[in-house]
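Student: Could you help me learn how the words used for a structure follow from its values? I would like to see each value set beside its cut-off.

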Amino acid sequence: VFYPDGYLYQAEEVMRYAANHYKDIKDITGNDSDFKVRFAIQDPGEIPNGNADYVNMKINIFTNDPSSLEDFSNDNWLRILSVHELTHISQLSNTTGFSKVLTTLVGNIISLSDAIPMWIVEGITVFNESSLTPYEGRMNYGYYPAIVSAKAAAGKLPNLAQAHYWSDDYPGGQYYVYGGSFFRFLSEKYGDESIGEFFRKNGKKFWGKTSIVFPFTALDISAKQAFGKTLPKLFKEWQRYETEKAVDWHLAGNELDIHQKDSSSITRTHLYNGKIYFVRTIA
């Protein structure tokens with residue numbers, strides 16, 4: 001762990017969370033190797049974020065706590081972020097057999113585990129960050145489940161292509177929302193062991209890059225080996241599950257009229273002392 005002066009506490013926190021959840025992360029991503037990762041603690045000001053570089057096995061941790069954002073509230077930022085990014089590293093660098101030989105010789109730049117849709121790449125991390133406790137992670141807050149339920153009740157759940165891309169349709173970053181919900185469904189119906197087996201099987205297929213264009217050549221085979229069904233069938237199963245669950249779903253409370261000509265600049269709301277405050281961004 002590399003950190004600037006004055007950030008020893010944050011460095012120790014990240015080390016503790018990474019060490020405590022290392023085995024569980026490897027299990028859910030089916031990674032059997034004892035990989036090592038470099039963490040870089042950074043303070044870029046008010047920007048809350050982090051990222052994982054699986055090619056160089058490095059994770060950047062931004063120290064600003066995004067406590068004011070609706071999908072990251074009332075949790076331990078360093079724990080959520082450390083587990084989220086370490087899950088990325090474990091999944092994207094997961095290779096075995098001849099695939100492992102190739103990445104050992106050439107490097108993770110040719111890792112076959114990255115030839116998967118974004119709703120899988122981000123979905124497993126959102127699901128895993130939400131598995132730490134019942135009170136943390138985006139799948140345990142009301143925001144993401146409410147979006148999925150509202151879309152399901154309106155018959156507007158995405159198809160495979162729509163879940164993969166960041167489009168102009170609400171919400172932004174669709175693959176976080178729908179991917180996290182998808183893996184929560186897989187966990188409940190097929191178990192975490194099957195999820196790990198899916199990633200393990202896929203990381204073994206040295207021809208896996210073909211899945212970028214033809215998913216049935218590797219990715220769907222791995223899904224069928226782990227779950228007994230291809231990804232399109234599993235996705236439709238998830239759509240039916242969410243639709244049936246949302247039959248009686250409705251928004252609680254009353255809709256508020258904020259009387260604003262341009263409400264697009266209202267980025268979020270905040271509850272304080274029993275009142276709802278609208279946060280407006282002015283350029």
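Tutor: Gladly! Let us start with a definition: angles of 65 to 115 degrees between axes count as roughly perpendicular. Keep in mind that this is a predicted model.

Student: What makes helix 1 and helix 8 roughly perpendicular to each other?

Tutor: The axes of helix 1 (residues 8–29) and helix 8 (residues 192–204) cross at roughly 70 degrees and come within 5 Å. That angle falls in the range of 65 to 115 degrees, and therefore helix 1 and helix 8 are called roughly perpendicular.

Student: Which residues meet where helix 1 and helix 8 touch?

Tutor: From helix 1 come Asp27, Ile28 and Thr29, and they meet Asp192, Ile195, Gly196, Phe199 and Arg200 of helix 8. Sorted by class, the residues of this contact are three nonpolar, two polar and three charged.

Student: Why are helix 7 and helix 8 called oblique?

Tutor: Helix 7 and helix 8 pack at an angle of about 120 degrees, and their axes are 7 Å apart. Roughly perpendicular covers 65 to 115 degrees, and roughly antiparallel needs over 145. The angle of helix 7 and helix 8 fits neither, so oblique is the word for this pair.

Student: Which residues form that contact?

Tutor: Phe183, Leu186, Ser187 and Tyr190 in helix 7 touch Asp192, Ser194, Ile195 and Phe199 in helix 8. Here the classes are five nonpolar, two polar and one charged.

Student: How do you know that Ser194 counts as buried?

Tutor: Buried means under 20% relative accessible area. Ser194 has 16% relative accessibility, so Ser194 counts as buried. Ser194 has its place in helix 8 and touches Ala226 and Phe227, leaving out residues up to four places away in sequence.

Student: And what makes Val213 exposed?

Tutor: Exposed means over 50%, and Val213 has 58% relative accessibility, so Val213 passes that cut-off. Val213 sits in the loop between helix 8 and helix 9 (219–227). The C-alpha atom of Val213 is 9.1 Å from that of Ala115, a residue 98 places away along the chain.

Student: Why is Met57 called buried?

Tutor: Its relative accessible area is 14%, under the 20% cut-off, so Met57 is buried. Met57 lies in the loop between strand 2 (50–53) and strand 3 (58–62). Although Met57 is not a glycine, its phi is positive, at about 55 degrees.

Student: How do you know that helix 7 is mostly covered?

Tutor: Of the 17 residues in helix 7, 14 are buried. Helix 7 spans residues 174–190 and reaches 23 Å from its first C-alpha to its last, close to the 24 Å expected at 1.5 Å a residue. After helix 7 comes Gly191, with a positive phi near 95 degrees.

Student: Which residues touch the most other members of the largest nonpolar core?

Tutor: That core has 55 residues, and Phe182, Phe183, Leu186, Ile195, Phe198, Phe227 and Leu231 touch the most other members. Helix 7 gives the most to this core, with eight residues. Leu231, for its part, is in contact with residues including Trp119, Ile120, Phe182 and Phe198, leaving aside neighbours within four places in sequence.

Student: What do the buried residues of helix 5 pack against?

Tutor: They pack against helix 4 (118–129), helix 7 and helix 10 (231–245). Among the buried residues of helix 5 (residues 143–153) are Tyr144, Ile147 and Val148. Just after helix 5, Gly155 has a positive phi of about 70 degrees.

Notes. Residues are numbered from 1 along each chain as its sequence is written. This is a predicted model: local features need pLDDT of at least 70, side-chain atom pairs count only at pLDDT 80 or more; totals for chains, interfaces and linings use all residues. Side-chain values use heavy atoms; hydrogens and water are left out. Helices (H or I, at least four residues) and strands (E, at least two) are DSSP runs, numbered from the N terminus. The expected span of a helix is 1.5 Å times one less than its number of residues. Buried means under 20% relative accessible area, exposed over 50%, partly exposed in between (1.4 Å probe, protein chains only). A nonpolar core is a set of buried Ala, Val, Leu, Ile, Met, Phe, Trp, Tyr and Cys residues joined through side-chain atoms within 4.5 Å. Contact means heavy atoms within 4.5 Å. Axes are lines fitted to C-alpha atoms, for helices over the stretch in contact, and angles run from 0 to 180 degrees between N-to-C directions. Angles under 35 degrees count as roughly parallel, over 145 as roughly antiparallel, 65 to 115 as roughly perpendicular and the rest as oblique. Ala, Val, Leu, Ile, Met, Phe, Trp, Tyr, Cys and Pro count as nonpolar, Asp, Glu, Lys and Arg as charged, and the others, Gly among them, as polar.
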